[in-house]
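The following exercises concern strand pairing and the surroundings of one side chain. Please work through each task before reading its solution.

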Amino acid sequence: MKYFLLFMMPFLINGSTVESDRDFEIEMNLQNQKISLTCTQGCAWKTLSFDLSQDTSQAVDEFGMSSQKDSNTMYDPQLADFAFVVTYRSDKVVLEGINGTAWKELSYSCPQLSCSRWINKAGVRESR
């Protein structure tokens, strides 16, 4: 048994490295209820933009904007596998992780209706 584990160890280590290379990084800008996203890593798209009025939502995945009801059956090993929903609610941007994120829900305030944040599978931050 221990020889089997020693034999499998390089494959297990190599597999975890591949997974960590498939992160995504997105800059999210909010300007008067208009959201623009710029993906710098892990996406098939470069920029997306959409308007969000109070309490409306938009789903986003590695291939672009999608429906929350869509179950993405496409797969590309060069891309991160993720999906989340963006909602604008009470001067806050709320992100709900659907898959490929370590978070279930994140939110940040944007009282001036103009702000920028960076999002990846680990969370959200103010600067890159």
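A polar contact is a pair of N or O atoms within 3.5 Å; within protein, one must be able to donate a hydrogen and the other to accept it, and residues adjacent in sequence count only if both atoms are side-chain atoms. The model is predicted, so local features need pLDDT of at least 70 and side-chain atom pairs pLDDT of 80 or more, while totals for chains, interfaces and linings use all residues. Residues are numbered from 1 along each chain as its sequence is written, and side-chain values use heavy atoms, without hydrogens and water.

**Exercise 1.** Describe the surroundings of Gln58.

*Solution.* Gln58 lies in strand S4 (residues 57-61); strands are DSSP runs of E, at least two residues long, numbered from the N terminus. Gln58 is buried (under 20% relative accessible area, 1.4 Å probe, protein chains only), because its value is 19%. Its side chain reaches the backbone oxygen of Ser66 at 3.1 Å. Leaving aside residues up to four places away in sequence, Gln58 touches residues including Phe50, Met65 and Phe84 (heavy atoms within 4.5 Å).

**Exercise 2.** Which order do the strands of the open five-stranded sheet have?

*Solution.* The order is S3-S2-S1-S9-S10, with antiparallel pairing; pairing requires at least two DSSP bridges. Strands S3 (47-51) and S10 (123-125) form the edges, each pairing on one side only.

**Exercise 3.** Which residues stand opposite Met28?

*Solution.* In S2, Leu37 stands opposite Met28. In S9, Arg117 does so. Seven bridges join S1 to S2, and S1 and S9 pair over seven bridges.

How values were computed: Helices (H or I, at least four residues) and strands (E, at least two) are DSSP runs, numbered from the N terminus. Buried means under 20% relative accessible area, exposed over 50%, partly exposed in between (1.4 Å probe, protein chains only).
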